[in-house]
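Visitor: I have a structure to go through, and I want the reasoning behind each term.
Guide: Let us look at it together.

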Amino acid sequence: MSRIAGSRRDLAMLGFRQRWVPLLTTLFASLLNALPFVVTTPLVPDFAYLVLLAWRLLRPEIWAAHVALPLGLFDDLMAGHPLGQSMALWTLTFLAFDFVDSRSGWRDYWTDWLFASVAIALYTAGAWYVAHMMGSQAPIVVALPQLILSILAYPLVALVVVGLDRWRLAR
Amino acid sequence: MAPPSTRRPGFSRRAQYGLFFGYVIAVAGVMFAVLLLLVAVVDPTGFAALKGASLDVTRPITAGGRGVVNFFGGIGGSVRDYFQAGSQNADLRKQLAAERQRLIQARVVEGENRHLRALLKLDQDNPGTVAVTRIVGSSFTSIRRLATLSAGSGAGIRVGEPVRAAEGLIGRVIETGHFASRALLVSDPASSVPVRLVRDGTPALAVGHGDGTIDLKTLEVGQNPFRRGDVLVTSGIGGVYPPGIPVAVIAAVQKDRTIAKPLADPSRIDFAMVLPIAQPLADKPLSPQTQQAVEAAQQ
């Protein structure tokens, strides 16, 4: 496609890309759970949540808070969480960020990472608590390596999301 | 970066209401999700059809890629083996000699066992397997330790059935789809398996620790009966797990906890056997005295 949309079809394509790339990439990150890896310790970051956070922090205006509900439901089904876990935690994250956005005056790379780290920590604790309720009485220390790796992985995921966002809005 | 102005809908009533109802939906959705979670706590097998269907949908990705992962996982081991061939050969020879002696001993014990069993008139009923399948994936981003099997209710697998590999116990089935099912590994904290020490028969409970190891809980308070290197097998007490399946080997004995490593490492194993639920006592008829007591209580 040339840089200038020449036809209605091109315009429709551009609109589709702008609209659906964030949603589809988040769903795709949820699908990573189906990859055939068997890991015996919780180490691998929850990429679906990281991608969601990166989109939310980069483009606060594209999603209303309730968009997290169906996305969370899909993640619950793919990852084998008890139904409602990601639905609740993801939507709460969005509501919390709406609140933070209404209070904080400015943001930059480091504050984004800080907010993301806090969100990841609370999300991991929430997932741990749900597992606890479901009868899986693990000490919270077990989740620490995954938490640290998730916080370190966030900038990488954000980098990918920024690249996708450029492509999404490119004309 | 300044906060984007689009979050504030301005003076338009319509836009303000739209934003407000968005939040109403979000909060209601969170409440609904929490309700779903509570349902899951009360009844963990709820929404089985939905969860089973999603398992089935992702199975092609999971099952198809497993061979690729195994191939790349094997490369590191092969390179190492090549460079250590000499020392490994000597080690293996030594091991083989030791194992040969042990094998002879084991044969003697086996014969003795058969003899004693015949004396005790214990019938060794081999219940067979429900299905032989492959471990194709796991919940690797979750704090829970669950594995995905590439066969489901279509192959006769039911929820609750124990899963083992040649090396030892893997866990038990907790969700089934038609083509895939999900198993709770013995290293998950929600799993608790009645075991006994092979050395002296001390009973214990093997409870998962969540990081790939198992905590051992003795049934009696007192001195820690475990030693490093002890092997644990299922005791069969309470049913579900048939007796005599190797479970774990003790890796470290600390003051207040004993850490064991599962013998079957789900990340290396390919094939898993799903066994029928062991219920030796439930299958047997009640004794006449118990039957009378039950009838009396019913009247």
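Visitor: What makes strand β3 and strand β4 of chain B a pair?
Guide: This is a predicted model. In it, β3 (residues 162-164) and β4 (residues 169-176) of chain B share 3 bridges, in the antiparallel sense. Pairing takes at least two bridges, so the two strands qualify.

Visitor: Which residue of β4(B) is the bridge partner of B:Val163?
Guide: B:Gly171 is that partner.

Visitor: Where do β3 and β4 sit in the barrel of chain B?
Guide: The order is β1-β2-β5-β4-β3-β12, a closed barrel of 6 strands with antiparallel pairing. From one strand to the next, the twist averages 45°. Chain B has 12 strands and 5 helices in total.

Visitor: How do you know that A:Leu52 touches A:Trp90?
Guide: Contact requires C-beta atoms within 7 Å, so this pair meets that cut-off. A:Leu52 also touches A:Thr26 and A:Leu71, leaving aside residues up to four places away in sequence.

Visitor: Why is A:Leu52 called buried?
Guide: A:Leu52 belongs to the largest nonpolar core, which has 50 residues. Members of a core must be buried, so A:Leu52 has 20 or more other C-beta atoms within 10 Å of its own. A:Leu52 is among the members that touch the most others, as are A:Leu50 and A:Val157.

Visitor: Which helix gives the largest share of this core?
Guide: α2(A) does, with 10 residues. Apart from this core lies another, of 44 residues, including B:Ala63 and B:Val247.

Visitor: How many of the residues in chain B are buried?
Guide: The share is 33% of 299 residues.

Technical notes: Residues numbered from 1 in each chain as written. Chains lettered and ligands numbered in written order. Predicted model: local features only at pLDDT ≥ 70, side-chain atom pairs only at ≥ 80, totals over all residues. Core = buried A, V, L, I, M, F, W, Y, C linked by C-beta atoms within 7 Å. Buried ≥ 20, exposed ≤ 12 C-beta atoms within 10 Å, placed from the backbone. Helix = DSSP H or I, 4+ residues; strand = E, 2+ residues; numbered from the N terminus. Contact = placed C-beta atoms within 7 Å. Axes fitted to C-alpha atoms, helices over the stretch in contact; angles between N-to-C directions.
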